[in-house]
Amino acid sequence: MHVSSGGVSPQQKIPVGPGYQLPLARQVREASGLTTLGVGLITQAAQAEAALQNGDADLVALARAFLYNPRWGWQAAAELGGTVQAMPAYWRCLPKEAQAAFGNVRIGMR
Ligand SMILES: Cc1cc2nc3c(=O)[nH]c(=O)nc-3n(C[C@H](O)[C@H](O)[C@H](O)COP(=O)(O)O)c2cc1C
(Lines give C-alpha, C1' and ligand atoms only; values in the text may rest on other atoms or scores of the structure.)
Protein backbone atom coordinates (compact mmCIF):
# COMPACT_ATOMS: atom_id res chain seq x y z
CA MET A 1 0.00 0.00 0.00
CA HIS A 2 1.50 3.32 -1.09
CA VAL A 3 0.13 5.93 1.30
CA SER A 4 -0.30 9.54 0.22
CA SER A 5 -2.75 12.21 1.33
CA GLY A 6 -3.86 12.76 -2.26
CA GLY A 7 -3.76 16.51 -2.61
CA VAL A 8 -6.76 16.41 -4.96
CA SER A 9 -8.78 19.29 -3.52
CA PRO A 10 -7.90 22.85 -2.43
CA GLN A 11 -10.20 22.22 0.53
CA GLN A 12 -7.67 19.79 1.95
CA LYS A 13 -5.49 21.50 4.53
CA ILE A 14 -2.42 19.30 4.74
CA PRO A 15 0.44 20.55 6.94
CA VAL A 16 3.52 20.08 4.79
CA GLY A 17 6.96 19.42 6.25
CA PRO A 18 9.70 16.79 6.31
CA GLY A 19 8.14 13.32 6.26
CA TYR A 20 4.67 14.80 6.58
CA GLN A 21 2.82 11.73 5.26
CA LEU A 22 4.76 9.11 7.19
CA PRO A 23 2.28 9.14 10.12
CA LEU A 24 -0.42 8.17 7.61
CA ALA A 25 1.68 5.27 6.37
CA ARG A 26 2.27 4.15 9.94
CA GLN A 27 -1.45 4.19 10.70
CA VAL A 28 -2.29 2.14 7.61
CA ARG A 29 0.57 -0.26 8.32
CA GLU A 30 -0.44 -0.82 11.93
CA ALA A 31 -4.17 -1.13 11.22
CA SER A 32 -3.97 -3.34 8.13
CA GLY A 33 -0.74 -5.31 8.47
CA LEU A 34 -0.10 -4.61 4.79
CA THR A 35 3.35 -3.95 3.41
CA THR A 36 3.32 -0.17 3.34
CA LEU A 37 5.28 2.43 1.41
CA GLY A 38 5.67 5.91 2.87
CA VAL A 39 6.28 9.17 1.02
CA GLY A 40 6.24 12.89 1.58
CA LEU A 41 9.24 15.19 1.65
CA ILE A 42 11.73 12.51 2.48
CA THR A 43 14.92 14.21 1.33
CA GLN A 44 17.76 12.94 3.53
CA ALA A 45 19.28 9.46 3.60
CA ALA A 46 19.24 9.30 7.41
CA GLN A 47 15.62 10.43 7.43
CA ALA A 48 14.65 7.66 5.00
CA GLU A 49 16.52 5.06 7.04
CA ALA A 50 14.94 6.27 10.29
CA ALA A 51 11.44 5.94 8.80
CA LEU A 52 12.19 2.28 8.06
CA GLN A 53 13.90 1.55 11.35
CA ASN A 54 11.21 3.14 13.51
CA GLY A 55 8.40 1.30 11.73
CA ASP A 56 6.69 4.15 9.91
CA ALA A 57 6.77 2.09 6.72
CA ASP A 58 8.27 -1.02 5.15
CA LEU A 59 9.53 0.94 2.15
CA VAL A 60 9.98 4.58 1.36
CA ALA A 61 9.83 6.38 -1.97
CA LEU A 62 10.93 9.82 -3.02
CA ALA A 63 9.73 11.93 -5.93
CA ARG A 64 10.82 15.53 -5.66
CA ALA A 65 14.21 14.71 -4.16
CA PHE A 66 14.97 12.50 -7.19
CA LEU A 67 13.72 15.10 -9.65
CA TYR A 68 16.21 17.51 -8.10
CA ASN A 69 19.04 15.00 -7.76
CA PRO A 70 18.82 11.80 -9.84
CA ARG A 71 21.90 10.43 -8.03
CA TRP A 72 20.17 10.63 -4.66
CA GLY A 73 20.23 6.84 -4.33
CA TRP A 74 23.95 6.60 -4.95
CA GLN A 75 24.66 9.34 -2.45
CA ALA A 76 22.38 7.77 0.13
CA ALA A 77 24.18 4.44 -0.29
CA ALA A 78 27.52 6.16 0.24
CA GLU A 79 26.25 7.99 3.30
CA LEU A 80 24.66 4.93 4.91
CA GLY A 81 27.41 2.47 4.04
CA GLY A 82 25.32 0.57 1.48
CA THR A 83 26.07 -0.34 -2.11
CA VAL A 84 24.35 0.13 -5.45
CA GLN A 85 25.04 -1.43 -8.83
CA ALA A 86 26.37 0.81 -11.56
CA MET A 87 27.59 0.12 -15.07
CA PRO A 88 31.38 -0.06 -15.46
CA ALA A 89 31.37 3.22 -17.35
CA TYR A 90 30.50 4.94 -14.07
CA TRP A 91 33.04 3.21 -11.86
CA ARG A 92 35.60 6.00 -12.10
CA CYS A 93 33.22 8.72 -11.05
CA LEU A 94 33.00 8.18 -7.31
CA PRO A 95 34.66 10.78 -5.10
CA LYS A 96 37.06 9.43 -2.47
CA GLU A 97 34.55 9.59 0.37
CA ALA A 98 32.09 7.45 -1.63
CA GLN A 99 34.54 4.85 -3.00
CA ALA A 100 32.66 1.88 -1.48
CA ALA A 101 29.27 2.80 -2.93
CA PHE A 102 29.62 0.49 -5.96
CA GLY A 103 30.91 -2.39 -3.86
CA ASN A 104 34.16 -4.13 -4.63
CA VAL A 105 34.72 -2.85 -8.18
CA ARG A 106 38.18 -2.49 -9.70
CA ILE A 107 39.04 0.09 -12.30
CA GLY A 108 42.70 -0.69 -12.86
CA MET A 109 45.63 1.74 -12.72
CA ARG A 110 44.98 5.45 -12.53
C1 LIG B 1 5.42 16.00 -10.69
C2 LIG B 1 4.55 15.32 -9.63
C3 LIG B 1 3.22 15.07 -9.89
C4 LIG B 1 2.41 14.45 -8.94
N5 LIG B 1 1.08 14.24 -9.20
C6 LIG B 1 0.31 13.65 -8.26
C7 LIG B 1 -1.08 13.45 -8.50
O8 LIG B 1 -1.61 13.79 -9.57
N9 LIG B 1 -1.82 12.86 -7.52
C10 LIG B 1 -1.27 12.47 -6.32
O11 LIG B 1 -1.97 11.95 -5.46
N12 LIG B 1 0.05 12.66 -6.07
C13 LIG B 1 0.83 13.24 -7.01
N14 LIG B 1 2.15 13.45 -6.75
C15 LIG B 1 2.68 13.02 -5.45
C16 LIG B 1 3.40 11.68 -5.60
O17 LIG B 1 2.50 10.67 -5.89
C18 LIG B 1 4.15 11.27 -4.32
O19 LIG B 1 3.22 10.86 -3.35
C20 LIG B 1 4.93 12.36 -3.72
O21 LIG B 1 5.46 13.20 -4.71
C22 LIG B 1 6.06 11.75 -2.92
O23 LIG B 1 6.54 12.68 -2.06
P24 LIG B 1 7.81 13.59 -2.36
O25 LIG B 1 7.67 14.19 -3.72
O26 LIG B 1 7.68 14.59 -1.26
O27 LIG B 1 9.01 12.69 -2.27
C28 LIG B 1 2.96 14.05 -7.70
C29 LIG B 1 4.32 14.31 -7.46
C30 LIG B 1 5.11 14.93 -8.40
C31 LIG B 1 6.57 15.18 -8.08
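Is G40 buried or exposed, judging by the other C-beta atoms within 10 Å? Keep that question in mind while you open the structure, which is a predicted model, and begin by selecting G40 itself. G40 sits in the loop between β2 and α2, and it is buried because 24 other C-beta atoms lie within 10 Å, where 20 or more are needed for that label.

**First stop: the surroundings of G40**

With G40 still selected, add G19, Y20, Q21 and L22, which are its contacts once neighbours within four places in sequence are left aside. For a sense of distance, you can also draw a line from the C-alpha atom of G40 to that of D56, which is 16 residues away along the chain, and the separation is 12 Å.

Now move to G19, one of the contacts of G40, which you will find in the loop between β1 and α1. G19 counts as buried because it has 20 C-beta neighbours inside 10 Å, and 20 is the number at which a residue is called buried. Leaving aside residues within four places in sequence, G19 is in contact with G40, L41, I42, Q47 and A51. If you measure from G19 to A31, 12 residues along the chain, the C-alpha atoms turn out to be 20 Å apart.

From there, step to L41, another contact of G19, whose place is in the loop between β2 and α2. L41 has a positive phi of about 50°, although it is not a glycine. L41 is partly exposed, because 17 other C-beta atoms lie within 10 Å, a count that falls between the 12 of the exposed class and the 20 of the buried class.

**Second stop: the ligand**

Select the residues around the ligand, which are S4, G6, G7, V39, G40, L41, I42, L62, A63, R64 and A65. You will recognise G40, L41 and I42 among them. If you colour this shell by the character of its residues, you should find six nonpolar, four polar and one charged.

**Third stop: the sheet**

Next, show the strands, three of which form an open sheet in the order β1-β2-β3, with parallel pairing. The strands β1 (2–3) and β3 (59–60) stand at the edges, and since each has a single partner strand, one side of each is left without a neighbour in the sheet. Strand β2, residues 37–38, pairs with β3 in the parallel sense over two bridges. To look at this pairing in detail, select G38 and then V60, its bridge partner in β3.

**Fourth stop: the nonpolar core**

Keep V60 on screen, for it belongs to the largest nonpolar core, which has 15 residues, and the members touching the most others are I42, A48, A51, A57, V60, A77 and A101. The elements that give two or more residues to this core are α1 (22–32), α2 (45–53) and α4, and the largest share, four residues, comes from α4.

Which residues does A48 touch, not counting those up to four places away in sequence? Select A48, which lies in helix α2, and then I42, V60 and A76, which are the residues it touches. A48 counts as buried because it has 22 C-beta neighbours inside 10 Å, against the 20 that the label requires. For a longer measurement, try A48 and G6, which are 42 residues apart in sequence and 21 Å apart from C-alpha to C-alpha.

**Fifth stop: helix α4 and what follows**

Follow A76 into α4, whose buried residues are W74, A76, A77 and A78. Turn the view until you can see these buried residues packing against α2. Just after α4 comes G81, which takes a positive phi of about 80°.

Continue along the chain to Q85, in the segment after α4 (72–80). Q85 is exposed, because 8 other C-beta atoms lie within 10 Å and 12 or fewer place a residue in that class. The C-alpha atoms of Q85 and Q53, 32 residues apart along the chain, are separated by 23 Å.

**Last stop: the domains**

Finally, colour the model by its domain assignment, which gives domain 1 (2–68) and domain 2 (80–110). If you mark the C-alpha centre of each domain, you will see that the two centres lie 30 Å apart.

Technical notes. Residues are numbered from 1 along each chain as its sequence is written. This is a predicted model: local features need pLDDT of at least 70, side-chain atom pairs count only at pLDDT 80 or more; totals for chains, interfaces and linings use all residues. A residue is near a molecule or strand if its C-beta atom, placed from the backbone, lies within 6 Å of it. Ala, Val, Leu, Ile, Met, Phe, Trp, Tyr, Cys and Pro count as nonpolar, Asp, Glu, Lys and Arg as charged, and the others, Gly among them, as polar. A nonpolar core is a set of buried Ala, Val, Leu, Ile, Met, Phe, Trp, Tyr and Cys residues joined through C-beta atoms within 7 Å. Two residues are in contact if their C-beta atoms, placed from the backbone, lie within 7 Å. Domain bounds come from an automatic or database domain assignment. Two strands pair if DSSP finds at least two bridges between them.
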